[in-house]
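Reader: Please take me through this structure one question at a time.

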Amino acid sequence: MDTKELLKKVRKIEIKTRRLSDHIFGGEYHSTFKGRGMTFSEVRQYQYGDDVRSIDWNVTARYNEPFVKVFEEERELTLMLLIDVSGSEHFGTVNQFKKEVITEISATLAFSALQNNDKVGMIMFSDEVELFIPPKKGKSHVLRIIRELLEFHPKSKKTDLSEALKYLSNVMKKRAIVFVLSDFLMEEYEHTLKIVGNKHDVTGIRVYDPKEEHMINLGMVQMQDAESGEFHLVNTSSKQVRRAYEAHYRERVDYFRNAFTKSGAGILQCRVDESYVKKLLGYFKQRA
């Protein structure tokens with residue numbers, strides 16, 4: 001992708017996702033993810049309807065008229081995006097690849113955090129940490145994250161979420177809002193997820209294609225594993241083969257649900273042909 005085309009794509013995603021965060025998600029994000037408490041801001045003259053418990057009696061005595069203390073929510077929150085960039089994310093049969101939907105959701109979350117003056121960071125992972133962008137504030141930082149989401153080429157096509165979660169624990173010492181975006185076609189991460197879930201506010205967003213759920217009867221077909229790159233001759237006309245594939249797929253989805261639920265993390269599942277806007281809004285409202 002040349003620079004001109006990349007900038008065009010970044011701009012297109014910025015316009016779409018920023019509009020969503022400005023008009024829909026900014027307030028919902030703020031309501032869902034609260035700050036660490038209230039901090040003193042200023043004193044002002046008492047107005048009708050103010051809580052008498054907030055009167056500053058020292059200032060009131062000095063000026064001989066009532067003044068109240070004003071407090072603001074102490075936010076300074078950090079949003080961390082954990083993005084699966086393995087080979088399976090390039091699968092797509094309905095309008096969009098999973099990677100494209102993950103990019104849009106990530107951009108929407110990042111702009112929502114930006115609107116609330118929160119820091120945003122990102123970890124891209126395969127079976128290793130491919131890229132770490134430390135949390136920062138600002139529009140140019142968010143645009144850099146979108147550029148990486150669009151053009152990054154991972155070294156590996158395999159997946160290991162546990163490695164990414166361990167890395168997150170090492171680099172994030174303070175509590176953060178963590179969104180993991182993946183198809184979750186992997187296992188063996190439940191133990192690490194429990195440790196991370198005890199410290200951070202974690203949500204898993206499973207982005208999937210409906211065609212992945214079932215194997216279509218196409219006879220004898222040569223298939224390539226998106227993560228290992230290996231080719232296999234598969235008899236898709238065999239009911240036993242199709243049943244085994246579907247059972248294996250369901251096992252991975254069940255593992256995702258159980259692992260996140262047991263660790264106290266949130267769950268969001270979004271098909272590539274569904275509106276992620278409705279799904280995110282529903283999730284935020286449920287949480288708030």
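Reader: Is Asn117 buried, exposed or partly exposed?

Author: This is a predicted model, in which local features need pLDDT of at least 70 and side-chain atom pairs count only at pLDDT 80 or more, while totals for chains, interfaces and linings use all residues. Residues are numbered from 1 along each chain as its sequence is written, and side-chain values use heavy atoms, with hydrogens and water left out. Buried means under 20% relative accessible area, exposed over 50% and partly exposed in between, with a 1.4 Å probe and protein chains only. The relative accessible area of Asn117 is 49%, so Asn117 counts as partly exposed.

Reader: What is the phi of Asn117?

Author: Asn117 is in the loop between helix 3 and strand 4; helices (H or I, at least four residues) and strands (E, at least two) are DSSP runs, numbered from the N terminus. Most residues other than glycine have a negative phi. Asn117 is not a glycine, yet its phi is positive, at about 60°.

Reader: Which other residue has a positive phi near 60° without being glycine?

Author: The residue lies in the loop between strand 6 and helix 6. Its relative accessibility is 69%, so it counts as exposed. The residue with this positive phi is Glu188.

Reader: Is strand 4 largely enclosed, and how many of its residues are buried?

Author: Strand 4 has seven residues. It is largely enclosed by the rest of the structure because the number of buried residues is six.

Reader: Which residue of strand 4 is the bridge partner of Ile83?

Author: Two strands pair if DSSP finds at least two bridges between them. Strand 3 (residues 78-84) and strand 4 (residues 119-125) run parallel and are joined by seven bridges. Asp84 stands opposite Phe125, and the bridge partner of Ile83 is Met124.

Reader: What is the bridge partner of Met124 in strand 5?

Author: Strand 4 and strand 5 form a hairpin, with three residues between them. These strands run antiparallel and are joined by five bridges. In strand 5, Met124 has as its partner Leu131.

Reader: Which strands lie at the edges of the sheet?

Author: The sheet is open and mixed in its pairing, with six strands in the order 5-4-3-6-7-10. Each edge strand pairs on one side only, and these are strand 5 (129-136) and strand 10 (266-271).

Reader: What is the average twist from one strand to the next, and what angle does helix 8 make with strand 10?

Author: The twist averages 15°. Helix 8 (residues 276-287) packs on this sheet and touches strand 6 (177-182), strand 7 (201-208) and strand 10. Axes are lines fitted to C-alpha atoms, for helices over the stretch in contact, and angles run from 0 to 180 degrees between N-to-C directions. The direction of helix 8 makes with that of strand 10 an angle of about 165°.

Reader: Which helix gives the most to the largest nonpolar core?

Author: A nonpolar core is a set of buried Ala, Val, Leu, Ile, Met, Phe, Trp, Tyr and Cys residues joined through side-chain atoms within 4.5 Å. The largest one has 46 residues, and Leu81 and Phe179 have the most contacts inside it. Nine residues of this core come from the helix that gives the most, helix 3 (residues 98-115).

Reader: Which residues of helix 8 are in contact with Phe179, and are their rings stacked or tilted?

Author: Contact means heavy atoms within 4.5 Å, and beyond four places in sequence the contacts of Phe179 include Tyr283 and Phe284. Rings of Phe, Tyr and Trp (its six-membered ring) pair if their centres lie within 6.5 Å; planes under 30 degrees apart count as stacked, over 60 as edge-to-face and the rest as tilted. Tyr283 and Phe284 are both buried. Their ring centres are 6.4 Å apart and their planes at 45°, so the pair is tilted.

Reader: How far apart in sequence are the parts that Tyr189 and Phe260 tie together?

Author: Tyr189 and Phe260 form an edge-to-face pair, 6.3 Å centre to centre with 65° between the planes. Tyr189 lies in the loop between strand 6 and helix 6 (190-199) and Phe260 in helix 7 (residues 239-262), so the parts they tie together have a sequence separation of 71 residues.
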